[in-house]
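Please load the model in your viewer and keep the sequence panel open beside it. The tour below goes from one selection to the next and says what is to be found at each stop.

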Amino acid sequence: MSIFWRMLMDELQFIGINSIPIVALMSTFMGAVISLQTASNMDSPLLPAYTVGYITQSSIILEFSPTIISLILAGKVGSNIASEIGTMRITEQIDALEIMGVNSINHLMLPKILASILYFPVLIVFSMFLGMFGGFLALVISDLQTTETYILGLRSWFDPYNIFYALTKTVAFGFIIVSISSFYGYYVKGGSLDVGKASTKAVVVSSVVILIANFIITKLMLL
Amino acid sequence: MISVRNINKTFGKQQVLYDVGADFQSGRVNLIIGQSGQGKSVLAKCMVGLHEVDSGQILFDGRDFTSMDKSDRAEIRQEIGMLFQGSALFDSMTVEENVKFPLSMFTKMTKKEMQDRVDFCLDRVNLQGRNALYPSECSGGMQKRVGIARAIAMNPKYLFCDEPNSGLDPKTAIVIDSLIKDITYEYGITTIVITHDMNSVMEIGDNVIFIHQGKKWWEGDRHTIITTDNPEIEAFVFASEFMKKIRSSLKERIK
Ligand SMILES: Nc1ncnc2c1ncn2[C@@H]1O[C@H](COP(=O)(O)OP(=O)(O)OP(=O)(O)O)[C@@H](O)[C@H]1O
Ligand SMILES: [Mg+2]
């Protein structure tokens, strides 16, 4: 199945590699801000200094990387998928697939779903590291904490289950983004204006569904 | 042979096809002609199942396509080649990959065999050496020709061409027409061509169906279309003064 492999590689490139810059930028800066805000709130002699690292670590792992980054990716990847498939619809490329006897839904969606399930977790782990590194830059470089204290904080009460929880969410969110955006693209009717509308709608709906799914998964897995 | 029996098709409240019925013989070039917006493309799309008909039957060599399930349809579709009105090339793929696509999806050809087949098809539409271009780098006429190459790649039993030579210069249009005619006769294909082009009607119209207001208004061939007194045909075919002159001189000669 050389066509499938080629499409999968293209999607990995597009969903994965091309998203690295924005994920890196977002994660580093947000990690820095989270740690600074935590540091300014935790300014009490009763709390040990390493609390800042601990809170930064858990906000990034539990919520920021899996959810916020997925919402960003919903905007970037979702709108792109919807407009790509929508354009194929209005230019009759999907009809051309059907005429050949190709199952167009499988053909178009499978590589995208697979790529997102494979690559979203990689992106999110990458984002976690960069987020914590951003915190490090903000705290240590601006002399608010020593390297040792911050790292001690990051390692305190570290629970591998949280990573499992975060990556489960991520896979679900990736699936949500790809399937909803493909759906809106696939059923476009009309012209290029409608493709634009479909891609906006895809982003809005996937974001809302991500928020709801986040709530449900958290309730199921953490409580 | 493809038989169409009493097809009706509506979109919402608008009825586009009324009780259309026709037989399209194999080994002949069957033309569907008619003014813009009269339902020619819709008829072709109904025949291949891209639109579901409201009522009526479509038979591919006796096999009732209308009542088939998805997987049986997919089998018949592998015997169909179709050129769309807007070419519908896959724009993420090069010319070569477009033509190769059905081969690698549905055949067990070796790389070499596929390459030979692709080159053969591109050669037939005068596009040799253009393998590496992307559709966006091709002119409209080139895209049409790539579309034809892709449609014939699988050696189809049934070939649908929606306006194969609109937007082509007269010379290339003739090349495309004679290509369609040649492969139809050579391989005994059931060919259906939608066209506005009177030149094509005269060159390749073994069987001509005139669609007007969603109905089959007239049926004949490239000879009878000249002599018919059907007023709508006259208005359509001989719209220009030039064509009117040609017609009267032809009629004189036939007498
Ligand atoms: N998908 C669709 N949904 C709703 N109406 C449609 C659809 N496709 C076609 N129509 C309508 O059906 C009618 C016939 O359209 P069709 O595309 O068959 O015209 P045509 O004869 O091919 O014209 P042209 O020569 O300009 O291509 C038009 O009035 C068009 O508005
Ligand atoms: Mg048309």
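Which residue forms a salt bridge with Glu186(B)? Select Glu186(B) together with Arg124(B), and you will find the closest N and O atoms of this salt bridge 3.7 Å apart; bear in mind throughout that the model is predicted. The pair links distant parts of the chain, since Glu186(B) belongs to helix H6 (residues 170-187) of chain B and Arg124(B) to helix H4 (residues 111-124) of chain B, 62 residues apart. Glu186(B) is partly exposed, at a relative accessible area of 48%, and Arg124(B) is also partly exposed, at 21%.

Stay in chain B and select Glu219(B) and Lys216(B), whose side chains meet in a salt bridge with an N to O distance of 2.7 Å. Glu219(B) is partly exposed, with 36% relative accessible area, and Lys216(B) counts as partly exposed as well, with 32%. Over all chains, the structure holds 16 salt bridges.

**The magnesium ion and helix H1 of chain B**

Next, centre the view on the magnesium ion (ligand 2), whose protein donors are Ser41(B), through OG, and Gln85(B), through OE1, at 1.9 to 2.3 Å from the ion. Ser41(B) lies in helix H1 (residues 40-47) of chain B, whereas Gln85(B) lies in the loop between strand E6 (80-83) and helix H3 (95-106) of chain B, so the two donors tie together parts that are 44 residues apart in sequence. Ser41(B) is partly exposed at 21% relative accessible area, and Gln85(B) is partly exposed at 36%.

Now colour H1(B) by accessibility: is this helix largely enclosed or largely open? Seven of its eight residues are buried, so H1(B) is largely enclosed by the rest of the structure. The buried residues are Lys40(B), Val42(B), Leu43(B), Ala44(B), Lys45(B), Cys46(B) and Met47(B). Just after the helix, Gly49(B) takes a positive phi of about 85°.

**Across to chain A**

From H1(B), select Lys45(B) and follow its side chain to Glu92(A), with which Lys45(B) forms a salt bridge whose closest N and O atoms are 2.6 Å apart. This pair crosses between chains, running from helix H1 of chain B to the loop between helix H3 (51-90) and H4 of chain A. Both ends fall under the 20% cut-off for buried residues: Lys45(B) is buried at 13% relative accessibility, and Glu92(A) is buried at 16%.

Widen the selection to the whole contact, which takes 15 residues from chain A and 23 residues from chain B. The area buried between the two chains is about 1800 Å², of which carbon and sulfur atoms give 63%. In chain A, Glu92(A), Ile99(A) and Met100(A) lose the most area to chain B, together 36% of what that side buries.

How many salt bridges are there between chain A and chain B? The count is three, and one to display is that of Glu97(B) with Arg6(A), where the closest N and O atoms are 2.5 Å apart. The elements that give two or more residues to the side of chain A that touches chain B are helix H1 (2-16) and helix H4 (93-99) of chain A, with the largest share, six residues, coming from H4(A). By class, this side of chain A has seven nonpolar, four polar and four charged residues.

**Along chain A**

Show chain A alone as a cartoon, and you will see eight helices and zero strands. The C-alpha trace of chain A spans about 70 × 35 × 35 Å along its principal axes, and buried residues make up 49% of the 223 residues in the chain.

For a closer look, select Val203(A) in helix H8 (residues 192-222) of chain A; Val203(A) counts as buried, at 19% relative accessibility. Leaving out residues up to four places away in sequence, Val203(A) touches Ala74(A), Gly75(A), Gly78(A) and Ser79(A). Ser199(A) is also found in helix H8 of chain A and is buried, with a relative accessible area of 13%. Under the exclusion of residues up to four places away in sequence, Ser199(A) touches Ser79(A), Ala82(A) and Ser83(A).

Methods:
Residues are numbered from 1 along each chain as its sequence is written. Chains are lettered from A and ligands numbered from 1 in the order in which they are written. This is a predicted model: local features need pLDDT of at least 70, side-chain atom pairs count only at pLDDT 80 or more; totals for chains, interfaces and linings use all residues. Side-chain values use heavy atoms; hydrogens and water are left out. Donors are N, O and S atoms within 2.8 Å of the metal (3.2 Å for Na, K and Ca); water is not among the atoms, so sites may look incomplete. Helices (H or I, at least four residues) and strands (E, at least two) are DSSP runs, numbered from the N terminus. Buried means under 20% relative accessible area, exposed over 50%, partly exposed in between (1.4 Å probe, protein chains only). Contact means heavy atoms within 4.5 Å. Buried area is the accessible area (1.4 Å probe) that two parts lose on being put together, summed over both. A salt bridge is a side-chain nitrogen of Lys or Arg within 4 Å of a carboxyl oxygen of Asp or Glu. Ala, Val, Leu, Ile, Met, Phe, Trp, Tyr, Cys and Pro count as nonpolar, Asp, Glu, Lys and Arg as charged, and the others, Gly among them, as polar.
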